[in-house]
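Subject: Structure handover

Hi,

Here is the structure I promised you. Please open it first, then read my notes below.

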Amino acid sequence: SIKSCDRDYNQGLAHFCSEKWTIFNQNNSELPSNLVKVLLNDGNGGIWIGTAFMRVNLIHLSADNQWKIFELKLNSQVRDIKALANDSSGGLWIATFMNGLVHLSPHEKEKWLFLNTENTGLPSNQLSSLVDDSHSGLWIGTNGGIAHLTLSSEAQINRYFKFKNPP
């Protein structure tokens with residue numbers, strides 16, 4: 001099992017295997033930030049790691065312990081990754097704190113798709129959660145409502161539900 005270290009904030013990544021803990025951090029691994037925000041099983045024995053506050057904030061650690069570090073070219077200085085989700089085609093969805101939604105395509109070498117309020121019907125660029133619906137769609141939690149993205153040749157937000165402020 002893999003989890004973020006929770007005894008002290010900002011300590012890296014802890015891995016428990018065969019009754020032994022291994023800590024990965026900036027001092028003993030290629031992890032570029034000790035502030036691990038989100039983890040996702042890649043389905044092949046490896047993990048995706050999302051970090052915060054760094055230019056480099058997406059890392060893949062493969063089953064054979066190979067590190068691959070990605071730099072997201074985001075507009076905002078706020079670079080937190082809030083959620084990760086695999087899609088049915090083997091791609092990776094990345095929810096950011098202030099930069100909308102990003103997709104990494106598995107079929108082309110590091111092909112990135114950036115979706116935000118300017119180029120889709122996304123209700124907000126401040127995202128908090130993602131769920132793949134297993135029917136070529138993605139549910140997206142934002143601070144402006146819940147959106148549903150239909151995946152086709154062109155990514156299209158086909159509906160969203162906006163929260164009403166309570167009285």
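**Aromatic residues**

F70 counts as buried, at 6% relative accessibility. Please bear in mind that this is a predicted model.

F70 has an aromatic partner, W112. The two rings sit edge-to-face, 6.0 Å centre to centre, with 75° between the planes. F70 belongs to strand β7 and W112 to strand β11, so this pair ties together parts that are 42 residues apart in sequence. W112 is partly exposed, with a relative accessible area of 21%. The cut-off for buried is under 20%, so W112 falls outside that class. F70 and W112 also belong to one aromatic cluster, together with W48.

How many aromatic pairs does a search of the whole structure find? It finds four. One of them joins F24 and W67, again edge-to-face. Here the distance is 5.8 Å centre to centre, and the planes stand at 65°. F24 lies in strand β3 (residues 20–24) and W67 in strand β7 (residues 67–71), so the contact ties together parts that are 43 residues apart in sequence. Buried or exposed? F24 is buried, with a relative accessible area of 18%. W67 counts as buried too, at 16%.

**The four-stranded sheet**

Next, the sheet that holds β11. It is open and has four strands, in the order β8-β9-β10-β11, with antiparallel pairing. Which strands stand at the edges? They are β8 (81–86) and β11 (111–115). Each has a single partner strand, so one side of each is left without a neighbour in the sheet. Neighbouring strands are turned by 20° against each other on average, direction ignored.

β8 pairs with β9 (residues 92–96) over five bridges, in the antiparallel sense. Within that pairing, A85 of β8 has W93 in β9 as its bridge partner. In general, strands of a sheet pair through backbone hydrogen bonds.

**S129**

One last residue to look at: S129, in strand β12 (residues 127–132). S129 is partly exposed, with a relative accessible area of 35%. What does S129 touch, not counting residues up to four places away in sequence? The contacts are A83, W139, I140 and G141. A83 falls within β8 (81–86), an edge strand of the sheet above. S129 and I94 are 35 residues apart along the chain, and 9.3 Å separates their C-alpha atoms.

Best wishes

Key: Residues numbered from 1 in each chain as written. Predicted model: local features only at pLDDT ≥ 70, side-chain atom pairs only at ≥ 80, totals over all residues. Heavy atoms only, no water. Pairing = 2+ DSSP bridges. Helix = DSSP H or I, 4+ residues; strand = E, 2+ residues; numbered from the N terminus. Axes fitted to C-alpha atoms, helices over the stretch in contact; angles between N-to-C directions. Phe/Tyr/Trp six-rings, centres within 6.5 Å; stacked < 30°, edge-to-face > 60°. Buried < 20%, exposed > 50% of the residue type's maximum accessible area, 1.4 Å probe, protein only. Contact = heavy atoms within 4.5 Å.
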